[in-house]
Amino acid sequence: MASIFTKIINGEIPCYKIAEDDNFFAFLDINPNAKGHTLCIPKKEVDKIMDLDEETYMGLMAFSRKVGLAIEAAIDCNRVGMSVIGLEVPHVHVHLIPLTEMKDATFQNKVTLDKEQFEATAAAIRAQL
Ligand code: 5GP
């Protein structure tokens, strides 16, 4: 069965899209640690990051860097942190999280955004790409 993230790539589930190329896709995390928290994923559906072939792994890092630079330009933060966890969704994803304090990196400190705030955040990041 397709992962929830494959359904997002295919447009079967809506998302606040940031970027897409032939192999990768980026969108806002629906339950963000901080405003601008973004997920970068390979279109190829693989569960664990260490199981990616090297080309896809390196491509995902390059794609994530581009998106991360745009987040850093668009969102007021100290820096953009990167995490890979994957305990909830078995489809490789890189978390890019605007960090101001250590708690922003903990996944226990969540922020609530409404639809307009998600849309404005996604537009601000896209404008920096
Ligand atoms: P992990 O698998 O790394 O523990 O976390 C999965 C992440 O995906 C979580 O931060 C969660 O908020 C996010 N997530 C889960 N389902 C959806 C969804 O349907 N849409 C979006 N945009 N994010 C999701």
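Trainee: Which ligand atom does the side chain of His 95 approach, and at what distance?
Mentor: In this predicted model, an N or O atom in the side chain of His 95 is 2.8 Å from an oxygen atom of the ligand, which falls under a polar contact (a pair of N or O atoms within 3.5 Å). As a predicted model, it needs pLDDT of at least 70 for local features and 80 or more for side-chain atom pairs, whereas totals for chains, interfaces and linings use all residues. Residues are numbered from 1 along each chain as its sequence is written, and side-chain values use heavy atoms, with hydrogens and water left out.

Trainee: And what about Asp 29 and Glu 88, how far are their polar atoms from a ligand oxygen?
Mentor: For Asp 29, a polar side-chain atom lies 2.5 Å from an oxygen atom of the ligand, while for Glu 88 it is a polar backbone atom, at 2.9 Å from a ligand oxygen.

Trainee: How much of the ligand's accessible area does the protein cover?
Mentor: The protein covers 88% of the 520 Å² that the ligand has on its own, with areas from the Shrake-Rupley method and a 1.4 Å probe.

Trainee: Which residues come nearest, and how do the shell residues divide?
Mentor: There are 16 residues around the ligand (a heavy atom within 4 Å), and Asp 29, Gly 86, Glu 88, His 93 and His 95 come nearest. The shell divides into ten nonpolar, four polar and two charged residues, with Gly counted as polar. Helix H1, residues 4-9, and strand E2, residues 24-28, each supply at least two of the shell residues, and the largest share, three residues, comes from H1.

Trainee: Changing topic, where does the ligand sit?
Mentor: The ligand sits in the largest pocket, meaning that more than half of its atoms lie within 2 Å of the pocket's grid points. A pocket here is an open set of points on a 1 Å grid where a 1.4 Å probe fits, with protein on both sides within 12 Å along at least five of seven lines.

Trainee: How much space is in there, and which residues are closest to the centre?
Mentor: About 450 Å³ of space lies in the largest pocket, and of its 23 lining residues the closest to the centre are Phe 5, Asp 29, Ile 30, Leu 39 and Glu 88.

Notes. Polar contact = N/O pair within 3.5 Å; in protein donor to acceptor, adjacent residues only side chain to side chain. 1 Å grid on protein atoms, 1.4 Å probe; cavity = no way out; pocket = protein on both sides within 12 Å on 5 of 7 lines; lining within 4 Å. Helix = DSSP H or I, 4+ residues; strand = E, 2+ residues; numbered from the N terminus. Points joined across faces, edges and corners; volume = space filled by probe spheres on them.
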